[in-house]
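Q: Please give a close account of the internal cavity in this model and of the strands around it. I should also like to know how those strands pair and what lies on the surface.

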Amino acid sequence: MKQIFLLLFIVFLSFKSFSQTNSPKRKSIFFELAGSGGIASINYEKTFLKKNNTDFTWRAGFSIAPIDRNNGVGLVFPLMVNALIGKNAHKIEFGIGQGITITTKGNFFFMGLATVGYRYQREDKYWFYRATYTPLISYLFDFQVQQWAGLSIGYTFNTAAK
């Protein structure tokens, strides 16, 4: 758990230094069915570094998921750092992050998140599509991996076409 928080802390501290480069910073919003947010989530994503054929992004999302009678409904916040590797429109996506769930009964849950998948996004188009394997990793009391996957459709606000 400490390693994930340390990774996220380092990335967020680095945003200021990365933002001083002249490369375009893509900003996107996407809907993810299943995936790291649970049943479905809305996510905001921003590129913070572009090196050769790799784009590094961070993303924050929101989802609502029923849990059980003791916990009620969960408000899920997936936070991730991703690398998009590839030329042109075809990219492989890798990511790691933290899922934070706050229930309507006042309980908190933390879950590790990972992503491995495919993304189709042309440089000159606004829309993109993703298909990902997104295991949900419990690590606080006992180690469990829930096998999970997701499909996404998204819209990029600033593309090379502008």
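A: Strand S2 (40-51) and strand S3 (54-68) each supply at least two residues of the lining of the largest cavity. The greatest contribution comes from S2, with 3 residues. The model is a predicted one, and the cavity count comes to 1 when a volume of 30 Å³ or more is required. The space in the largest cavity is about 70 Å³. Its lining comprises 13 residues, and those closest to its centre are Arg26, Thr47, Leu84, Arg119 and Gln121. As to the general principle, a probe the size of a water molecule, rolled over the atoms, shows where empty space is left.

One of these central lining residues, Arg119, leads to strand S6, which spans residues 108-120. Strand S5 (residues 90-103) pairs with S6 in the antiparallel sense, and 13 bridges connect the two. Within this pairing, Ile100 has Phe110 of S6 as its bridge partner. The two strands form a hairpin with 4 residues between them, and in the turn Gly106 adopts a positive phi of about 90°.

S6 has further pairings. With S7 it runs antiparallel, joined by 5 bridges, and Gly117 stands opposite Thr132 in S7. The connection from S6 to S7 is again a hairpin, in this case through 6 residues. S6 also pairs with strand S8 (residues 136-138), in the antiparallel sense and over 2 bridges; here Leu113 faces Leu136 of S8.

Strand S7 leads in turn to the surface. A nonpolar patch is formed there by Ile29, Phe31, Leu33, Ile42, Trp127, Tyr129, Leu151, Ile153 and Phe157, which together have about 860 Å² of accessible area. At least two residues of this patch come from each of strand S1 (27-34), strand S7 (127-133) and strand S10 (149-156). S1 gives the most, with 3 residues.

Phe31, a member of the patch, lies in strand S1. Is Phe31 to be classed as buried, partly exposed or exposed? Its relative accessibility is 38%, and partly exposed denotes the range between the under 20% of buried residues and the over 50% of exposed ones. Phe31 is therefore partly exposed. In general, side chains in a regular strand alternate between the two faces of the sheet.

How values were computed
Residues are numbered from 1 along each chain as its sequence is written. This is a predicted model: local features need pLDDT of at least 70, side-chain atom pairs count only at pLDDT 80 or more; totals for chains, interfaces and linings use all residues. Side-chain values use heavy atoms; hydrogens and water are left out. Patches are made of residues with over 30% relative accessible area and no salt bridge: like charges are joined within 9 Å, nonpolar side chains (Val, Leu, Ile, Met, Phe, Trp, Tyr) within 5 Å. Accessible areas come from the Shrake-Rupley method with a 1.4 Å probe; for residues, only the protein chains shown count as cover. A salt bridge is a side-chain nitrogen of Lys or Arg within 4 Å of a carboxyl oxygen of Asp or Glu. Buried means under 20% relative accessible area, exposed over 50%, partly exposed in between (1.4 Å probe, protein chains only). Two strands pair if DSSP finds at least two bridges between them. On a 1 Å grid over the protein atoms alone, a cavity is a set of points where a 1.4 Å probe fits but cannot get out, and a pocket is an open set with protein on both sides within 12 Å along at least five of seven lines; lining residues have an atom within 4 Å of a point. Grid points are joined across faces, edges and corners, and a volume is the space filled by probe spheres set on the points.
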